[in-house]
Amino acid sequence: MPLQPFVSYSIEFSSFPDFAGDLSSPNTFSNNLLDNLGAFTGIKPLIRVGGNTQDYAVFNKSLTQALVGIVDPAKSPDYPTTITIGPKYFESYLTWPNTKYVHGFNLGRNSTVARQGLLDSVSYACKALEDGRLAYWELGNEPDLFKTSAQGPVRPASWNEQSYVDEWLYWTRAIRTALEKACPDLATDELYKFYAPSFAGTSNSLNPVTTFEDGLDADKDIAIISSHNYISGATVPGVTLQGTLMNHTSTVASIAKQLNESRLLAALPQDLNPDLPFILGETNSLYNQGRPGLSNTFGATLWGVDFNLWCVANNIQRVHMHQGTNYRYQSWQPVETNITAKGTKAPYYGNVAVAAFLGNLTSSARLPSVVNIPLSSEREAAYVSYVAGKLAKLIVIQMDEYNATAGNNLTNDYPRPIIQYDFQLPRGVQGKFAVQRLSANGSDAITGVTYDGYSYNYELDNGLPVLQKNVTRGETIKIGRRGKLSLEVPRSSAVIVCFQ
């Protein structure tokens, strides 16, 4: 079953001021998009502020700007790798009402200045996250890459699991000491909790199981086991929309590694690892911020629906989709730049569909149980949800490519095929039920996406839902006493049937 909330975001540390704004200029567009999701689930997405730039950011209490960053294209053209943040940075935590956060502290930089900056930042971070805004802390992003990073190692080759654990314990204890002085209410055993270990994957230079065996949770301050996952990389040869993203087999294979890690961690003795929820604290389609023509398309939207529902069906209890300014896989671009127009992007509609399928998560007694229905092709997926033991919803995700963008050399020149799916429903399920569709002109579309007839485009009403007149909505389907359901699904689209 999902945690409350399930649909969540990870926002690149250096991009967070763009996404949230500050007190003088809050980003209401971003907040509208978060509110839309909260309207479906009863609770807004949980926001993790972190990523690679979390471990580049050094706090300087004398800096008047929120963030000063220098981009080194040799390391990354997408974000700064020399970063200083000041007290104003933490204003961004105050702009979105009714939102909880995971704040990422810098573990990567271990100079005297960086370490002192870490401790100096605690009082500013905790003051900003008082009054119910704090969910958890995080210390370090992907430390399993610290000694192997392509952007430059920050630890020696001899640095191992015990080395990491020793550092993590030392600095989490130092952070708590600083917190006890600045915000004692947040330093209690109940509230001083972390996402950890936030590894990049399951098979890098640090083993997550060994890390726990070496005492990572000695202080019992880890609340959530967080791992990161990407299906593949933006520049990996052979990556395609159909073969890599719009492909259920690919998703299953990728998540299988996480499920194996989760099982191994759960099998550890109780004193090493209590029964902690396992989540993906950072994930998206293709690492290195995605590839245009793949990660920003409607095909990636459909992938995101299948990916998230496969996770929840396999007890990965929360998924934070990673975002950043100008990133190709982003759900929305929060500000106008000379690279990317401000606006709602196709993947956001997948987030909406997942939220709509899961429904209201505020009642622990009515959390949905999600089950995958095996289908014959790797280019399709189906799931059902049960609430209080009764069938609640069914979704079919049709992932055969259908390219429709004018000028695309791969544009299909035949009418869009419609596939019929037949299901036998449980006894007693009969009557008329609402049908909601996730659709676009084709799998290669990057605009014109709707869910249940609504657009969430920035240009229409600042991200709020606007009903489109040219899209079918209000569709119903009738189920007779025999419980037979026949559902027509156009290629490259998804359909939800609501039984409750």
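Me: Before I look at the small sheet, what has to be found between two strands for them to pair?

Reply: Two strands pair if DSSP finds at least two bridges between them, and the strands themselves are DSSP runs (E, at least two residues), just as helices are runs of H or I with at least four, numbered from the N terminus. This is a predicted model, in which local features need pLDDT of at least 70 and side-chain atom pairs count only at pLDDT 80 or more, while totals for chains, interfaces and linings use all residues. Residues are numbered from 1 along each chain as its sequence is written, and side-chain values use heavy atoms, with hydrogens and water left out.

Me: In what order do the three strands of the open sheet lie, and which of them stand at the edges?

Reply: The order is β5-β7-β6, with mixed pairing. β5 (57-59) and β6 (67-70) are the edge strands, each having a single partner, so one side of each has no neighbour in the sheet. From one strand to the next the twist averages 20°, where angles run from 0 to 180 degrees between N-to-C directions and axes are lines fitted to C-alpha atoms, for helices over the stretch in contact. β5 and β7 (residues 82-85) run parallel and are joined by three bridges, and alanine 57 has isoleucine 83 as its bridge partner in β7.

Me: How should I read the two faces of a strand, and which residues of β13 point each way?

Reply: In a regular strand the side chains alternate between the two faces of the sheet. In β13, Val319, Met321 and Gln323 point one way and His320 and His322 the other, and all are buried, a word that means under 20% relative accessible area, whereas exposed means over 50% and partly exposed lies in between (1.4 Å probe, protein chains only). Strand β13 (residues 319-323) is thus mostly covered, with five of its five residues buried. Strand β1 (residues 7-12) runs parallel to β13 and is joined to it by five bridges, valine 7 being partnered with valine 319. Strand β12 (residues 278-287) is also parallel to β13, through two bridges, and there threonine 283 is partnered with methionine 321.

Me: How is a disulfide recognised, and how many does the count come to?

Reply: A disulfide is a pair of cysteine sulfur atoms within 2.5 Å, and by this rule the count comes to one. Cysteine 126 is joined to cysteine 183, with an S to S distance of 2.0 Å. The pair links distant parts of the chain, 57 residues apart, with cysteine 126 in helix α3 (residues 112-128) and cysteine 183 in the loop between α4 (161-182) and β10 (194-199). The link is right-handed, with 70° about the S-S bond. Cysteine 126 counts as buried because its relative accessibility is 0%, and cysteine 183 counts as buried at 1%.

Me: At what angle do helices α8 and α9 pack, and which classes of residue make the contact?

Reply: Helix α8 (residues 298-313) and helix α9 (residues 346-358) pack at about 35°, their axes 7 Å apart. Contact means heavy atoms within 4.5 Å, and the residues making it include Phe298 and Leu309 of α8 and Tyr349 and Phe357 of α9. By class, the contact has eleven nonpolar, four polar and no charged residues; here Ala, Val, Leu, Ile, Met, Phe, Trp, Tyr, Cys and Pro count as nonpolar, Asp, Glu, Lys and Arg as charged, and the others, Gly among them, as polar.
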